[in-house]
Amino acid sequence: MFFSQAGARPRMWEASPSEHKKWVEVFKACDEENKGCLSRENFKVAVVMLFGYKPSKIEADAVMSSVDPNTSGILLKEFLDIVRKKKEAQLYRNEIRHIFTAFDRHYRGYLTLEDFKKAFKQVAPKLSERIILEVFSGTNNFQE
């Protein structure tokens, strides 16, 4: 993928105070037994409440495997970090989708070489056509 090759990464994102408060409220609502941590099932409910989808078994396994084994679930601090990272990834995907849509002038769902060249002429007018062709074709010879 071009963005990962170019070194683009999601930027650190900070939740607004109201969003942070919402996350804490969701954590507390899902911590049914007031243990101060979320079980696997309670974590899934929290994700549904915040993101509108039920996490897959793989996602839940990955989260639970990262939890301190000395606790009986996901602590608030860990939960807030997980939610922040999920929100960052969501915003990054939306940004990429927005950029792609701006380049896909004919709304085809894909970019032609001509679309790609026009886009790069706008954002990097001095970039050589050879580099643009290499990026488009996925070749990794980026030496100018």
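**Notes on a predicted helical model**

1. Of the 144 residues in the protein, buried ones make up 30%. Keep in mind as you look around that this is a predicted model. The secondary structure adds up to 7 helices and 2 strands, and from the N terminus on the order of elements is α-α-β-α-α-β-α-α-α. As for contacts between residues at least 6 apart in sequence, 48% of them join residues at least 24 apart.

2. A good place to start is the largest nonpolar core, which has 18 residues. The members that touch the most others are Leu38, Phe43, Leu50, Ile74 and Phe79. Helix 2 (17-30), helix 3 (40-51) and helix 5 (76-103) each put at least two residues into this core. There is also another core, lying apart from that one, with 8 residues; Leu111, Phe116, Phe120 and Ile131 are among them.

3. Phe79 is worth clicking on. Which residues does Phe79 contact, once neighbours within four places in sequence are left aside? They are Trp23, Val26, Phe27, Leu38, Phe43, Ala46, Leu50 and Ile74. Of these, Trp23, Val26 and Phe27 are among the buried residues of helix 2, while Leu38, Phe43, Leu50 and Ile74 appear again among the core members that touch the most others.

4. Now for helix 2 itself. Its 14 residues reach 20 Å from the first C-alpha to the last, close to the 20 Å expected at 1.5 Å a residue. The buried residues here are Trp23, Val24, Val26, Phe27 and Cys30. Looking down the axis of helix 2, you'd find these buried residues within an arc of 160 degrees, so they line one face of the helix.

5. What covers that buried side, and what sits on the face turned away? The cover over the buried residues of helix 2 includes strand 1 (37-38), helix 3, strand 2 (74-75) and helix 5. On the face turned away from the buried side, helix 2 carries the exposed residues Pro17, Ser18, Lys21 and Lys28.

6. Two loop residues deserve a quick look at their backbone angles. Asn34, placed in the loop between helix 2 and strand 1, has a phi near 50 degrees, a positive value in a residue other than glycine. Tyr107 belongs to the loop between helix 5 and helix 6 (113-123), and its phi, also positive in a non-glycine residue, is near 55 degrees. Are these two buried or exposed? Asn34 is exposed, at a relative accessible area of 66%, and Tyr107 counts as exposed too, at 69% relative accessibility.

7. A smaller detail concerns Ser65, found in helix 4 (residues 57-65). A polar atom of the Ser65 side chain lies 2.9 Å from the backbone oxygen of Ala62. Why does Ser65 count as exposed? Because its relative accessibility is 62%, and the cut-off for exposed is over 50%.

8. Finally, the record. An unreviewed UniProt entry carries the annotation "domain: EF-hand" for residues 18-53 and 91-126. In the model, residues 18-53 are 69% helix and 6% strand, with the end C-alpha atoms 22 Å apart. Residues 91-126 are 67% helix and 0% strand, and there the end C-alpha atoms lie 29 Å apart.

Technical notes. Residues numbered from 1 in each chain as written. Predicted model: local features only at pLDDT ≥ 70, side-chain atom pairs only at ≥ 80, totals over all residues. Heavy atoms only, no water. Helix = DSSP H or I, 4+ residues; strand = E, 2+ residues; numbered from the N terminus. Buried < 20%, exposed > 50% of the residue type's maximum accessible area, 1.4 Å probe, protein only. Polar contact = N/O pair within 3.5 Å; in protein donor to acceptor, adjacent residues only side chain to side chain. Core = buried A, V, L, I, M, F, W, Y, C linked by side-chain atoms within 4.5 Å. Contact = heavy atoms within 4.5 Å. UniProt positions renumbered as here; feature names shortened; annotations may be inferred. Expected span 1.5 Å × (residues − 1). Arc of directions from axis to C-beta.
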